Amino acid sequence: MNDAPRNSRSTEYYRQLLRVRTFEERVGELFVRGGTAGSMLHLSIGEEAAAVGVTAHMGDGDSFTTHHRGHGIFLARGADPNRMMAEIAGAESGYCAGKGGSMHIADRELGHLGANAIVGGGIPAVIGAGLSARHFKSNAVSVAFFGDGAAQQGVLYESMNMAALWSLPCLFVCINNQYGMGTKIDRSAARTEFEDRATAFGLRGARADGGDVEKVAEVAGELIEAARAGAAGFLVVDCYRFHGHARMDKSPYRDDAEETEGRKTDPLALQRRRLIEDALLSESQCDEIAESVTEEMDAAVDFAIKGRQPAQDALFQDVYAPGQPAPEPVDQRIAKVLAE
Amino acid sequence: MSEPIEFTYRDALRLALRDAMTADSSIIVIGEEVGLYGGAYGVTKGLIDDFGPERLIDTPISEAGLVGAAVGAAMTGLRPVAELMYVDFIGLAMDQIANQAAKIRYMFGGQIGVPMLLRTQGGTGRSGAAQHSQSLEAWIMHTPGLRLAMPATVTDAYVLLRHALTLPDPTVFIEHKALYTQKGILDREQPADWGQAKVLRAGSDLTIVTYSRMVHFALEAAGSLADDGIDAEVIDLRTLNPLDRETIVASVAKTGRALVVTEDTLTAGVSAEIAAILQEEAFDWLEEPVIRLAGEDIPIPVAPELEAGSIPSPARIISTARKLMRR
């Protein structure tokens, strides 16, 4: 996408932002309709530019891990929204056959090494992917996406140190949405200039305005190119989490005035305005894109709702590889004991 | 090998790594002091000369990071051997082991496996005190998704490690620090028999179920018991996941008495699981309650005599076996 001429590139950014925004809105809708597996759903509305701007520079062979708020990253990287929505519904037709859900989506084909429900838990995997790229002499980059909450986790710094020490093709992307659950960033870090932490480790550190997808894409492009050449980087994308931490969170820790102000940093609104002001697209052309995205995401909800729940015999599958000794079901054990 | 060659447990482990790395170029070793230093207990000594620093990767002191890196490497085509210098350090890496490596295949619907090996060592014997002497295998055994091997003999050190380096799932391999200098005849051609316990001494009066260093204590005790006319069968579990229930149940069905000996602590330990299995599956044959001789429920102290008192000894295996035989 990043090599395309400006008008098609900017239009594609807009379309991708809109796809992420609409997908997340549909997840909320699916929840209200009782179609999701549980309520542990973390939406990335307001944070779309990080997902779109960084993944625009990723391709075949590249890999990444995400945090628990990672729907948008995977979608922007090329995921099928049907299979994503089905996974969020806990359906057999989902990416992980209904075993992982919103917080554990992964896909070997697209190099998605997994969303993670442990804050910071997926970060060191990109070091291993970087070692693989070096071992197999590939040009692959591996990107760890996480939030500002993970910026306070120790394993991040272990990983940053190794990436710089070993000159690995890795990029750390801190999506700074201002909140770790209900704790605002200035209540969890004395200094919030995280890019300075990165440069202190010997990484390339940069910061980008998550309200502007083109700026994010520009900075991310430079960092990813450098990372492929062995200069690992760290990118902070500043944005605002438009909604609560998860579906049940009514945000009692912040007031309406703050939310109104925060939502002004809307990358989708800016990109639409830009396309129209620069005469790259007309109002009606923007609306046409929106209609096609709406259709796509409505279809994803339908696909998820039609999905079947996994059969009970899936319960014991995939704990270990096929053909390996599998766990014994409790009832089977009891029956065996009492039969003797 | 035409002539039987005597090896130490440490040398057998190193040979297994060397042979495996020669056969499989996707194997890397990653850990603290594994390269230039050659491993804190010398297991990887010299391997960096054969395979270079890109396959023997010395890491910073970052246990979570290095184990997490192994997880990511395993997901992207390598077969990493992550070395934790002491099993006691596993707390620092436990998220990567229990929440990541162990669950990835299942959470992701079977599409991605984590063929990594976590090599480490545990146990008492060197006055390492409370943070360098523990036996934490129950933590691993308690976590679905992980395999676990704990070799007691020179040949098992070799064949179980070679086999572990062919498995598709994350495997923990816990050596015993007091066994590194143990000598024995290495039979590299012996089948790994992964997941199968072995009867190392046949007997008819009671069954001693154990693994790792306690195998040697049990065999020593069994020799003395025989002089007293007590015929003990000694079973080495070898792998704790998979756990060979059939062999121990069959043995207790024969002897009617079971003594489970472990170095790890008593409460909610490996001995508790073995005892539960025996009361479930060998209930009808038990002449006496299953007896557990385990590590005491205390931190390990540094003073050598206190350290020795915190775990079973051959003398206590003998005295406990005699009590169990009502002798």
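The following legends describe close-up views of a predicted model.

**Figure 1. Chain A and chain B meet across an extended list of residues in contact.** The contact involves 46 residues of chain A and 51 residues of chain B. About 3900 Å² is buried between chain A and chain B, and carbon and sulfur atoms give 56% of this area. On the chain A side, the residues that lose the most area to chain B are Arg108(A), Tyr320(A) and Arg333(A), which together make up 16% of what that side buries. Tyr320(A) also takes part in a charge-over-ring arrangement with the other chain: the charged end of Arg147(B) sits over the ring of Tyr320(A), 3.5 Å from its centre.

**Figure 2. Tyr157(A) and Phe201(A) form a stacked aromatic pair.** Over all chains, the count of aromatic pairs comes to 11. In the pair formed by Tyr157(A) and Phe201(A), the ring centres are 5.7 Å apart and the angle between the planes is 25 degrees. This angle meets the criterion for stacking, which requires planes under 30 degrees apart. Tyr157(A) belongs to helix H6 (residues 154-165) of chain A and Phe201(A) to helix H7 (residues 194-201) of chain A, so that the pair links distant parts of the chain, 44 residues apart. Tyr157(A) is buried, at 18% relative accessibility, whereas Phe201(A) is partly exposed, with a relative accessible area of 29%.

**Figure 3. Tyr179(A) and Tyr253(A) form a tilted aromatic pair.** The ring centres of Tyr179(A) and Tyr253(A) are 5.4 Å apart, and the pair is classed as tilted because the planes lie at 45 degrees. Tyr179(A) is in strand S5 (residues 179-180) of chain A, while Tyr253(A) is in the loop between strand S8 (233-238) and helix H9 (256-262) of chain A; the pair therefore ties together parts that are 74 residues apart in sequence. Tyr179(A) is buried, at 5% relative accessibility, and Tyr253(A) is partly exposed, at 26%. The ring of Tyr179(A) has a further partner in Arg254(A), whose charged end sits over this ring, 4.9 Å from its centre.

**Figure 4. An aromatic cluster is found in chain B.** Tyr9(B), Tyr41(B), Tyr86(B), Phe89(B) and Tyr180(B) make up this one cluster.

**Figure 5. The largest nonpolar core has 183 residues.** Within this core, the residues with the most contacts are Val54(A), Phe172(A), Phe234(A) and Leu278(B). At least three residues of the core come from each of domain 1 (5-186) and domain 2 (198-324) of chain B. Leaving aside residues up to four places away in sequence, Leu278(B) touches Ile248(B), Val249(B), Val252(B), Ala258(B), Val260(B), Phe283(B), Leu286(B) and Val290(B). A second, separate core has 20 residues, among them Val234(B), Val261(B), Ile311(B) and Ile318(B).

**Figure 6. Domain 1 and domain 2 of chain B are in contact.** Chain B is divided into domain 1 (5-186) and domain 2 (198-324). Taken over C-alpha atoms, the centres of domain 1 of chain B and domain 2 of chain B are separated by 26 Å. The contact between them brings together 27 residues of domain 1 and 26 residues of domain 2. The area buried between these domains is about 2200 Å², with 56% given by carbon and sulfur atoms.

**Figure 7. Ala190(A) occupies an exposed loop position in chain A.** Ala190(A) is found in the loop between strand S6 (183-184) and H7 of chain A. Its relative accessible area is 89%, and Ala190(A) is therefore exposed. The C-alpha atoms of Ala190(A) and Gln317(A) are separated by 46 Å, the two residues being 127 residues apart along the chain.

**Figure 8. Loops of chain B include a cis peptide bond and residues with positive phi.** The cis peptide bond joins Asn241(B) and Pro242(B), with omega of about 0 degrees. Pro242(B) is placed in the loop between strand S12 (239-241) and helix H9 (245-255) of chain B. Glu33(B), although not a glycine, has a positive phi of about 65 degrees. Glu33(B) lies in the loop between strand S2 (27-31) and helix H2 (47-51) of chain B and is partly exposed, at 37% relative accessibility. Ala268(B), likewise not a glycine, has a positive phi of about 55 degrees. The loop that holds Ala268(B) runs between strand S13 (258-265) and helix H10 (270-281) of chain B, and Ala268(B) is exposed, with a relative accessible area of 68%.

Technical notes: Residues numbered from 1 in each chain as written. Chains lettered and ligands numbered in written order. Predicted model: local features only at pLDDT ≥ 70, side-chain atom pairs only at ≥ 80, totals over all residues. Heavy atoms only, no water. Phe/Tyr/Trp six-rings, centres within 6.5 Å; stacked < 30°, edge-to-face > 60°. Helix = DSSP H or I, 4+ residues; strand = E, 2+ residues; numbered from the N terminus. Buried < 20%, exposed > 50% of the residue type's maximum accessible area, 1.4 Å probe, protein only. Lys NZ or Arg CZ within 6 Å of the ring centre and 35° of its normal. Core = buried A, V, L, I, M, F, W, Y, C linked by side-chain atoms within 4.5 Å. Domains from an automatic or database assignment. Contact = heavy atoms within 4.5 Å. Buried area = accessible area lost by both parts, 1.4 Å probe.
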